[in-house]
Amino acid sequence: MALPRRRGKRGVSPDLCRASFGQAARDGFDFFGRLQLPEGHWACDYGGPSFLLPGLVFAMYLTHTPVPPPWRVEMVRYLARWANEDGGWGLHLEGHSTVFATGLYYVMLRLLGVDKEHPLAARARECLLSLGGATGLPQWGKIWLSCLNLYEWDGVNCIPVDLWLLPSWLPFHPSRWWVQCRVVYLPTSYLWSNRCTAPLDDLLAEIREEIYTAPYSTVNFRRHRNKAAPSDTIRSVSGLLVFLFSIMAFWCNYLRPRWLLRMANRRVGELMRREERNTDYNCLAPVNKAFHMVCAMYEDGPDSERLRKHRERLAVYMWLGPDGMTSGGTNGVQVWDTAFAVQAAVEAGLATDSAAREVLARAHRFLDMSQLREDLDDPFRQPRKGGWPFSTKSNGYVVSDCAAEGLKSVLMLQKECGFPPLISDARLRDCVDTLLLMQNGDGGFGSYEHTRGSRLLEYLNPAEVFDDIMIEYSYVECSTAVLTALARFRTHFPGHRASDVDVAIRRAAGFVAARQRPDGAWYGSWAICFTYATFFAMQAFEARGLQHGSSDEVRRACAFLLEKQRDDGGWGEHYSSCVEKRYVEHETSQVVNTAWAVLALMHAGYPDPKPVERGLELIVGRQQASGEWLQEGIEGVFNRTCMIGYPNYKLYFPVMALGAYSRMYLPKIDGMAGGSFEA
């Protein structure tokens with residue numbers, strides 16, 4: 001049973017801090033352990049982006065897939081919970097109202113059977129029209145509305161299926177694009193090239209007259225092809241791409257022979273089926289899943305086996321929580337959360353505790369069953385053998401930092417904590433071999449693949465709401481994860497590709513060092529924001545033996561963090577830090593930001609424990625009697641502009657920080673004080 005919370009006090013002895021922080025870590029992991037599912041992982045509401053759920057509902061409507069009545073009720077309840085004061089919705093849960101979100105959610109409400117005069121729908125429509133109506137939708141929204149016969153394909157820019165017939169050595173071939181971009185424009189190229197459109201029924205005819213500022217028949221959709229509402233636009237489509245779109249439209253409409261269209265359709269169909277087989281019909285994420293589902297109906301028919309399998313895999317994306325039902329950003333965060341949960345427990349010294357050990361054993365078995373054991377027969381896919389995905393094995397995609405954190409966790413359990421070798425040494429070596437293939441020319445590591453194209457491809461980015469999506473980039477967080485995993489692997493397997501591992505670590509460290517900003521921080525690409533990336537960067541420096549006393553870069557990073565520490569001892573960073581690329585204070589300190597900041601200081605070997613203790617005191621003070629921490633601000637981000645929730649961060653990163661105080665940090669600074677610590 002959790003003990004009553006003990007609020008820390010400045011000036012208490014290290015022994016009392018050890019006891020207080022250590023017990024809080026134990027209480028926190030005890031609570032988190034009770035949330036573990038029988039399979040060994042943890043579930044969570046990995047949601048927030050407003051374009052996920054509508055796409056699945058649209059796909060169900062277009063493929064005549066019934067929405068279960070309880071789903072309808074809970075989806076509407078979710079939208080009611082997260083509507084902004086003006087009646088609209090933003091790109092993510094905390095964002096200002098946009099045409100993209102408000103338009104998609106309004107149409108979704110109507111398709112779910114909500115009357116147009118229902119207060120939720122009426123206010124949403126009012127907001128949408130005040131923003132200029134559905135003609136201001138960005139490209140993805142226009143594609144969906146065209147499929148629903150609520151917009152005209154002449155007003156949509158998209159890539160033609162022909163592009164997939166080009167030789168892959170061309171520098172702009174889709175295989176060179178970032179995978180999340182590539183898998184969306186594969187099915188949408190089919191839908192656009194074949195003008196796939198639902199028959200106009202009575203409901204769709206009504207919606208047509210509700211979402212525009214003028215009667216549908218008077219709207220010149222072609223004039224809005226290159227326009228998106230100011231509320232939505234993060235970036236403008238380049239003049240080069242607008243020109244290329246006009247050339248492609250002329251080719252497709254007037255010059256392309258039918259036999260070539262049929263050939264391109266077959267090629268795209270083959271690639272879509274390969275994606276479906278390789279992901280057990282989950283597809284990479286709900287966006288391309290929904291588009292694939294619609295393509296399956298047009299290609300194979302409403303009663304096809306292919307569409308049946310898609311329908312069976314819809315529920316993997318749905319999350320039912322206190323606020324209602326929504327869609328996750330993938331089919332979960334299972335491997336990612338499990339790996340960090342293991343590390344938090346080990347960091348807190350709980351691997352010898354009998355109850356925690358049972359939790360870790362289940363997590364260990366899940367990591368065993370989730371490892372990707374073979375490469376795929378797919379010329380566009382990154383080799384994956386031995387790696388780990390973000391969520392589950394059926395997702396099928398290796399991710400560099402997920403593979404690295406999975407490897408690190410297994411090494412901790414099997415090589416350092418006495419757990420049985422469920423995962424053989426050969427499989428661990430496979431993981432390292434795969435990671436080494438993912439390093440980029442700049443020394444860093446991207447997410448799903450190594451970089452395949454030039455940054456110049458960003459001139460071809462057709463998405464108005466996302467920046468830097470055309471190619472895979474190197475990231476500080478991914479690079480640090482791989483660097484630290486390789487360093488840990490090297491201690492246990494010094495003979496495996498020693499030279500290659502050493503070079504990879506050195507190059508990754510150089511990449512991380514080069515990305516430090518003048519203010520001493522690092523920009524975070526996958527969570528909010530500078531506290532997150534700086535937490536990772538300090539681990540990279542630590543792995544290279546560089547600490548506060550020996551590295552100017554580390555001292556600058558610590559100075560940045562200390563400057564941002566608040567009077568209550570915590571750190572609080574607002575999501576707009578990601579958008580504006582500068583540190584923006586949250587209204588209040590955040591437990592998750594505070595955990596990252598104090599972990600960064602501890603990994604840096606900051607010699608004065610007082611700032612660390614103040615941060616940990618805030619974490620202890622926010623802990624509930626149950627051992628948990630309550631949800632605060634949103635934690636994650638992708639593509640700089642879209643926030644997404646990682647609600648388990650608040651449950652294991654505080655445990656990691658509290659446990660690291662006595663297990664890692666105090667011995668480190670005690671050694672420094674005694675003159676025995678060597679950076």
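**Figure 1. H64 sits in the loop that links α2 (52-62) to α3 (69-82).** The model shown here, and in the views that follow, is a predicted one. Look at the backbone first: the phi angle of H64 is positive, about 60 degrees, although H64 is not a glycine. Is H64 buried or exposed? With a relative accessible area of 59%, H64 is exposed, because the cut-off for that word is over 50%.

**Figure 2. K581 is another non-glycine residue with a positive phi, near 60 degrees.** You will find K581 in the loop that runs between α21 (576-580) and α22 (591-603). The relative accessible area of K581 is 40%. K581 is therefore called partly exposed, since that term covers values between the buried limit of 20% and the exposed limit of 50%.

**Figure 3. Helix α22 is largely enclosed by the rest of the structure.** How many of the residues of α22 are buried? The count is 13 of the 13, so the surroundings largely enclose this helix. The length of α22 makes a nice check too: at 1.5 Å a residue, its 13 residues should span 18 Å. The end C-alpha atoms of α22 are 18 Å apart, so the model agrees with that expectation. After α22 comes G605, which has a positive phi near 70 degrees.

**Figure 4. Strands β1 (residues 318-321) and β2 (residues 324-327) run antiparallel.** Four bridges join β1 to β2. Together the two strands make a hairpin, with two residues between them. To get your bearings, pick out L320, which stands opposite M325 in β2.

**Figure 5. The largest cavity has a volume of about 520 Å³.** The structure holds eight cavities of 30 Å³ or more, and this view is centred on the largest. Which residues lie nearest the centre of the largest cavity? They are Y46, Q180, Y448, W526 and F638, from a lining of 33 residues. By residue class, the lining of the largest cavity has 26 nonpolar residues, six polar ones and one charged one. Four elements each supply at least two lining residues: α7 (179-193), α11 (286-300), α15 (400-416) and β3 (636-638). Of these, α7 gives the most, with four residues.

**Figure 6. S246 belongs to helix α9 (residues 239-255).** A relative accessibility of 36% makes S246 partly exposed. For a sense of scale, compare the position of S246 with that of S50: the two are 196 residues apart in sequence. In space, the C-alpha atoms of S246 and S50 are 30 Å apart.

**Figure 7. Two stretches of the chain carry domain annotations in an unreviewed UniProt entry.** The entry assigns "Squalene cyclase N-terminal" to residues 33-310. Over residues 33-310, the model is 51% helix and 0% strand, and the end C-alpha atoms of that stretch are 33 Å apart. The label "Squalene cyclase C-terminal" comes from the UniProt record as well, and covers residues 335-662. In the model, residues 335-662 are 51% helix and 2% strand. The C-alpha atoms at the ends of residues 335-662 are 27 Å apart.

Definitions and conventions
Residues are numbered from 1 along each chain as its sequence is written. This is a predicted model: local features need pLDDT of at least 70, side-chain atom pairs count only at pLDDT 80 or more; totals for chains, interfaces and linings use all residues. Side-chain values use heavy atoms; hydrogens and water are left out. Buried means under 20% relative accessible area, exposed over 50%, partly exposed in between (1.4 Å probe, protein chains only). UniProt positions are given in the numbering used here, feature names are shortened, and annotations may be inferred rather than shown by experiment. On a 1 Å grid over the protein atoms alone, a cavity is a set of points where a 1.4 Å probe fits but cannot get out, and a pocket is an open set with protein on both sides within 12 Å along at least five of seven lines; lining residues have an atom within 4 Å of a point. Grid points are joined across faces, edges and corners, and a volume is the space filled by probe spheres set on the points. Ala, Val, Leu, Ile, Met, Phe, Trp, Tyr, Cys and Pro count as nonpolar, Asp, Glu, Lys and Arg as charged, and the others, Gly among them, as polar. Two strands pair if DSSP finds at least two bridges between them. The expected span of a helix is 1.5 Å times one less than its number of residues.
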